[in-house]
Amino acid sequence: MLLNLILGGLALLSLALTLWQWLAARRFPLHQRPPPAAAARPPPAVTLLKPLKGCDAATEDCLRSWFAQSYGGPVQLLLGVAEAADPAGEVVRRLLREFPGHDAQLVVCGPPAGANAKVSQLVELERRAKHDLLVISDADVRAPVDCLASVVAQLQPPGVGLVNCFYRLANPATLAMQWEAIAINADFWSQVLQARSLKPLDFALGAVMATRHPLLAEIGGFSALADCLADDYQLGHRLARRGHQIALSPVVVECWSAPMGWAAVWKHQLRWARTIRVCQPMPYFFSLLSNATLWPVLWLAAQPAGPALAGALGCLLIRVISALDLERRLSRRRPAYARAWLVPVKDLLQTVIWLLAFLGNRVEWRGQRLRLRSDGTLARA
């Protein structure tokens, strides 16, 4: 009886947390744009920093979306590779020929200055930036044509130190990626908004970030993040600690990845889990309470009849419905009802990942095996 009460209570708690997460996400003006205002002056000049490594079928379209931005002010595009032979360099050269009037440059950044190879490229790109307003974007991001104008406009009010965007996995081409899409397209962005409903954001999401060069200098520039795994988190966290507001844009960008199997997706999810565990150990530890499949399933296993059966099935049904709705809102596509079974599967596998996050400190990233220190910095394994 005591076990039944405990598991029932945890199942209902996970349901309450799921409903709270769902409500927080539905209240956010996702995809909405403010009405255009009469511009009293031209938009400010912007430098876009794009660290690159390798390419796939979507790389050229993703990069082209930044060359094709509808922005009224000057834009400098700096696209970095670690070495001249990187295949991403040839993609950039084609785009430079396609857009000859753009202030764009391919930068060979050379050997890494720290354990984080991406940030090492940003260090070099930062040195070449002409403008104080900086936009940093991952290589696999495809942006809507008004993305740059939207994030720059949102950065203008006093006190705003960084603007970042939600993102969605746009091409879950394999079953493993469809499982990961539940984590990204349904859960992650809504969990961020749930956290924001408790307190102002003190971290950033790395797909697209806009900030100012003087603010970046306050925290030591990208050089100070050269050994951090979660450089986006650290950038937002360090700016927030200095009193600067972290704002969320209603613009949603797309992340396009090469097809991945279960092993690659599992390593990606485990790296992500261990990163969050190091950055926010207590919130991540208690995040298991919000697993709205684990606790109903355990409750059902302990008492497979009567009120427990009805309560557990009700919790599971609401969990699946909320996840499908959240994914629909982010992607603006009809819910994939045929993949609804992946929602509870994702939750149960996430329980294993949650446990493994506390049982090790090794991660694989960009082909490197790295050791994650307790302060969030990296060392080569």
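A residue counts as exposed when its relative accessible area is over 50%, as buried when that area is under 20%, and as partly exposed in between. By this rule Arg369, with a relative accessible area of 62%, is exposed. The model described here is predicted.

**The sheet**

The strands form an open sheet of 8 members with mixed pairing, in the order E3-E2-E1-E4-E7-E6-E8-E5. Strand E3 (103-108) and strand E5 (141-142) are the edge strands, and each of them pairs on one side only.

Strand E1 (residues 46-51) runs parallel to strand E2 (residues 75-81), and 6 bridges join the two. Within this pairing, Leu48 has Leu77 in E2 as its bridge partner. E1 also pairs with E4, again in the parallel sense, over 4 bridges. Here Leu49 has Ile136 in E4 as its bridge partner.

Strand E4 pairs with strand E7 (residues 208-212) as well, but this pair is antiparallel and has 5 bridges. Leu133 stands opposite Arg212 in E7.

How many residues of strand E4 (residues 133-137) are buried? The count is 5 of the 5, so the strand is largely enclosed by the rest of the structure. Leu133, Val135 and Ser137 point one way from E4, while Leu134 and Ile136 point the other way.

**Salt bridges**

Side chains of opposite charge can pair when their charged atoms come close. In this model the count is 24 salt bridges. The table lists three of them, with the separation of the closest N and O atoms and the relative accessibility of each residue.

| Pair | Closest N and O atoms | First residue | Second residue |
|---|---|---|---|
| Arg242 and Glu218 | 2.9 Å | Arg242: 49%, partly exposed | Glu218: 34%, partly exposed |
| Arg319 and Asp347 | 2.8 Å | Arg319: 7%, buried | Asp347: 3%, buried |
| Arg369 and Glu364 | 3.5 Å | Arg369: 62%, exposed | Glu364: 32%, partly exposed |

Arg242 forms a salt bridge with Glu218. This pair links distant parts of the chain, 24 residues apart: Arg242 is in the loop between helix H8 (231-241) and strand E8 (245-255), and Glu218 is in helix H7 (residues 213-218).

Arg319 forms a salt bridge with Asp347. Arg319 lies in helix H12 (residues 306-331) and Asp347 in helix H13 (residues 342-357), so the pair ties together parts that are 28 residues apart in sequence.

Arg369 forms a salt bridge with Glu364. Elsewhere, salt bridges that share partners join Glu60, Asp61, Arg64, Arg94, Glu98 and Arg142 into one network.

Definitions and conventions
Residues are numbered from 1 along each chain as its sequence is written. This is a predicted model: local features need pLDDT of at least 70, side-chain atom pairs count only at pLDDT 80 or more; totals for chains, interfaces and linings use all residues. Side-chain values use heavy atoms; hydrogens and water are left out. Two strands pair if DSSP finds at least two bridges between them. Buried means under 20% relative accessible area, exposed over 50%, partly exposed in between (1.4 Å probe, protein chains only). A salt bridge is a side-chain nitrogen of Lys or Arg within 4 Å of a carboxyl oxygen of Asp or Glu.
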